[in-house]
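User: Please take a close look at one short helical element and explain how it is placed within its surroundings. A connected account with the cut-offs stated would be most useful.

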Amino acid sequence: MIEQKPDQEAVLITRVQAGDSAAFQLLLQQNLPVIHQYANRMLDNSAEAADVAQEVFIRFWRKSKTFDPKKAKLSTWLHQIAHNLCMDYFRKQSRLTELENREEPTSALLENDLDQEQRTEYMKLLISNLPERQRSALILCHYQGLSNKQAATILDISVDALESLLSRARRTLKKTLMEQSP
Amino acid sequence: MNKVKFDHLLATYGAELEKWPEEHRITAKLALTSHSDWEKDVNDARHLDNHLDSLLSSYSVDRSELAGLEQAILDKTIYKRSALDQFLDWMAPAESIWHPALAACLPILVGLSIGLMVDIGEQYSLEDELTLTGLESATWEIRDE
């Protein structure tokens with residue numbers, strides 16, 4: 001994500017709110033990769049992630065006047081829209097129950113001779129087996145690099161609740177890795 | 001910072017102190033320098049971090065791959081035009097002179113299609129037409145007399 005000074009971002013957002021297409025294009029270029037990546041991590045599906053990212057920026061363009069740059073960072077707001085769209089997607093697909101009933105990864109996946117690609121797939125599987133809120137918290141903080149306050153805002157929970165989700169997620173992963181490592 | 005607090009933050013944010021909340025970083029660093037035995041827990045947490053980091057680049061998409069998506073978003077936002085604009089563009093394109101002619105024929109086509117669709121309620125056969133024409137001629141003849 002390209003970092004820019006908050007006041008610079010606020011100026012661009014004000015211009016977008018006034019209908020400035022050049023400012024929108026600039027913010028789109030800066031934020032699209034990270035929003036697409038977030039959706040991709042959540043959905044594990046590049047095509048669906050592209051649909052979500054597209055909808056996020058269409059809503060940003062249409063509803064930019066409802067966003068107050070003094071109250072939150074743009075990246076927080078965009079992540080929040082993306083998160084809600086991902087949750088809608090899961091609800092439609094009934095994926096939440098599917099995830100909870102998913103089979104545990106087998107220990108055979110953690111053999112020493114696994115190559116990097118297989119390890120990556122194994123970690124993807126472990127993370128996708130986490131309960132949805134723990135997974136969201138982990139992705140927002142560890143992979144998207146957002147602060148605990150930003151992540152808590154996106155998930156609409158307190159910072160304490162977010163920390164609880166994060167520690168439970170990490171403990172579960174650590175336990176699984178320790179149990180299954182040879 | 002006591003061990004319970006340190007363990008909680010370690011379990012929450014991992015071994016990388018830079019990822020910890022800003023307000024705890026300095027005290028955590030100081031605590032680590034004065035409690036060298038806590039390093040073992042940090043190393044355990046780092047083991048998990050390394051596994052998690054193996055996925056850091058796995059979902060990143062190449063900038064060029066995003067270009068198409070970016071264009072699609074622009075088409076649906078800043079480049080989106082009204083139906084009237086699209087019709088006017090179609091009417092007077094730079095590359096074709098046929099569209100204005102086709103557009104001029106549009107009212108005729110609309111009239112024809114409406115005429116074919118509308119049921120006027122009375123159907124005249126050829127026989128009726130001839131009878132009516134015959135009556136009209138007879139009327140003229142009577143008037144002439």
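Analyst: **Helix H8 of chain A and its surroundings**

Helix H8(A) is mostly covered, since six of its eight residues are buried. A residue counts as buried if 20 or more other C-beta atoms lie within 10 Å of its own, as exposed if 12 or fewer do, and as partly exposed in between, with C-beta atoms placed from the backbone. Helices (H or I, at least four residues) and strands (E, at least two) are DSSP runs, numbered from the N terminus. The model is predicted: local features need pLDDT of at least 70 and side-chain atom pairs count only at pLDDT 80 or more, while totals for chains, interfaces and linings use all residues. Residues are numbered from 1 along each chain as its sequence is written, and chains are lettered from A and ligands numbered from 1 in the order in which they are written.

The buried residues of H8(A) are Asn148(A), Gln150(A), Ala151(A), Ala152(A), Thr153(A) and Ile154(A). They pack against helix H4 (74–93), H7 and H9 of chain A. The chain that holds these elements has nine helices and zero strands. Of the 182 residues in chain A, 37% are buried. Among contacts in chain A between residues at least 6 apart in sequence, 64% join residues at least 24 apart; two residues are in contact if their C-beta atoms, placed from the backbone, lie within 7 Å.

The packing of H8(A) on H9(A) can be described in detail. Helix H8 (residues 148–155) and helix H9 (residues 159–180) of chain A pack at an angle of about 95°, and their axes are 9 Å apart. H8(A) is therefore roughly perpendicular to H9(A). Axes are lines fitted to C-alpha atoms, for helices over the stretch in contact, and angles run from 0 to 180 degrees between N-to-C directions. Angles under 35 degrees count as roughly parallel, over 145 as roughly antiparallel, 65 to 115 as roughly perpendicular and the rest as oblique. From H8(A), the residues Asn148(A), Lys149(A), Ala151(A), Ala152(A) and Leu155(A) meet Val159(A), Leu162(A) and Glu163(A) of H9(A). By class, this contact has five nonpolar, one polar and two charged residues. In this scheme Ala, Val, Leu, Ile, Met, Phe, Trp, Tyr, Cys and Pro are nonpolar, Asp, Glu, Lys and Arg are charged, and the others, Gly among them, are polar.

The turn between the two helices has a notable backbone feature. Just after H8(A), Asp156(A) takes a positive phi of about 60°, although Asp156(A) is not a glycine. Asp156(A) lies in the loop between H8 and H9 of chain A and counts as exposed because it has 10 C-beta neighbours inside 10 Å. Asp44(A) likewise has a positive phi, near 55°, in a residue other than glycine. Asp44(A) sits in the loop between H2 and H3 of chain A and, because it has 14 C-beta neighbours inside 10 Å, counts as partly exposed.

Residues of H8(A) and H9(A) also come together at Ala137(A). Leaving aside its neighbours within four places in sequence, Ala137(A) is in contact with Ala151(A), Leu155(A), Leu162(A), Leu165(A), Leu166(A) and Ala169(A). Ala137(A) belongs to the largest nonpolar core, which has 49 residues; it is among those with the most contacts inside that core, together with Ile35(A), Ala39(A), Ala53(A), Val56(A) and Ala82(A). The largest share of this core, ten residues, comes from helix H2 (residues 21–43) of chain A. A nonpolar core is a set of buried Ala, Val, Leu, Ile, Met, Phe, Trp, Tyr and Cys residues joined through C-beta atoms within 7 Å.

H9(A), the partner of H8(A), also meets chain B. The axes of H9(A) and helix H1 (residues 3–13) of chain B come within 7 Å and cross at roughly 75°, so these two helices are roughly perpendicular to each other. In this contact, Glu163(A), Leu166(A), Ser167(A), Arg170(A) and Arg171(A) of H9(A) meet His8(B), Ala11(B) and Thr12(B) of H1(B). By class, the contact of H9(A) with H1(B) has two nonpolar, three polar and three charged residues. Glu163(A) is thus named both among the residues that meet H8(A) and among those that meet H1(B).
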